[in-house]
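Here is a short, friendly walk through a small structure. Take a look at it first, and then we'll go through its parts together.

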Amino acid sequence: MTKQHSDGGFAASVSIHSGRGTSTTTRIMRFKPSFTSQTAALHYASTEGVAWALQN
């Protein structure tokens, strides 16, 4: 996910859902760097999300 800042930069975040039923967990990671394009922010978020998922 991305969100555009008032200065024109973009913030990146990723949401990871796991489990089923009452054991469902959602993790949301918001990243500190500001990106110059939406594409760069999405790439960063997806790369970090995949890396996190592979570690856990």
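Let's begin with strand S1, residues 2-4, and strand S2, residues 10-18: these two pair in the antiparallel sense over 3 bridges. Keep in mind that everything here comes from a predicted model. Want to trace the pairing by eye? Find Gln-4, whose bridge partner in S2 is Phe-10, and then Lys-3, whose bridge partner in S2 is Ala-11. S1 and S2 make a hairpin with 5 residues between the strands. In that hairpin, Gly-8 takes a positive phi near 95°.

Moving on along the chain, S2 also has strand S3 (residues 25-30) as a partner: the two run antiparallel and are joined by 6 bridges. One spot to look for is Ser-18, which stands opposite Thr-25 in S3. These two strands form a hairpin as well, with 6 residues between them. Its turn holds Gly-19, which has a positive phi of about 85°.

Here are the two hairpins together:

| Hairpin | Residues between the strands | Glycine and its positive phi |
|---|---|---|
| S1 and S2 | 5 residues | Gly-8, near 95° |
| S2 and S3 | 6 residues | Gly-19, about 85° |

Put the strands together and you get an open sheet of 3 strands, in the order S1-S2-S3, with antiparallel pairing. S1 and S3 stand at the edges with a single partner strand each, so one side of each is left without a neighbour in the sheet. From one strand to the next, the twist averages 20°.

What lies across S1, S2 and S3? That would be helix H1, residues 38-55, which runs at about 30° to S2. So much for the parts list: the chain has 1 helix and 3 strands, and along the sequence they follow the pattern β-β-β-α. The radius of gyration of the chain is 13 Å, well over the 10 Å that the globule rule gives for 56 residues, so the chain is more spread out than a compact globule. If you'd like a feel for the dimensions, the C-alpha atoms fill a box of roughly 40 × 20 × 15 Å along the principal axes.

Now for what is tucked away. Of the 56 residues, 23% count as buried. As background, nonpolar side chains tend to be buried together in soluble globular proteins. Which residues make up the largest nonpolar core here? There are 9 of them: Phe-10, Ala-12, Val-14, Ile-16, Met-29, Phe-31, Phe-35, Ala-41 and Ala-45. S2 and H1 each supply at least two residues of this core, and S2 gives the most, with 4 residues.

Take Ala-12 from that group. Leaving aside its neighbours within four places in sequence, Ala-12 is in contact with Met-1, Met-29, Arg-30, Phe-31, Phe-35, Ala-41 and Ala-45.

Phe-10, also in the core, sits in strand S2. Is Phe-10 buried or exposed? At 13% relative accessibility, against a cut-off of under 20%, Phe-10 counts as buried. Beyond its neighbours within four places in sequence, Phe-10 touches a long list of residues, among them Lys-3, Gln-4, Pro-33, Phe-35, Thr-36 and Ala-41. Thr-36 is 26 residues away from Phe-10 in sequence, yet their C-alpha atoms are 6.3 Å apart in space.

Ser-13 is in strand S2 too. At 13% relative accessibility, Ser-13 counts as buried. Apart from neighbours within four places in sequence, Ser-13 is in contact with Met-1, Met-29, Arg-30, Phe-31 and Ala-45.

For a contrast, hop over to His-43, which lies in helix H1. At 56% relative accessibility, His-43 counts as exposed. His-43 and Ala-12 are 31 residues apart along the chain, and 8.8 Å separates their C-alpha atoms.

Two figures for the whole chain round things off. Among contacts between residues at least 6 apart in sequence, 34% join residues at least 24 apart. As for the surface, the chain exposes about 4300 Å², and carbon and sulfur atoms supply 52% of that area.

Note on methods. Residues numbered from 1 in each chain as written. Predicted model: local features only at pLDDT ≥ 70, side-chain atom pairs only at ≥ 80, totals over all residues. Heavy atoms only, no water. Rg over C-alpha atoms; globule rule 2.2 N^0.38 Å. Buried < 20%, exposed > 50% of the residue type's maximum accessible area, 1.4 Å probe, protein only. Contact = heavy atoms within 4.5 Å. Areas by Shrake-Rupley, 256 points an atom, 1.4 Å probe, with all protein chains shown as cover. Pairing = 2+ DSSP bridges. Axes fitted to C-alpha atoms, helices over the stretch in contact; angles between N-to-C directions. Core = buried A, V, L, I, M, F, W, Y, C linked by side-chain atoms within 4.5 Å.
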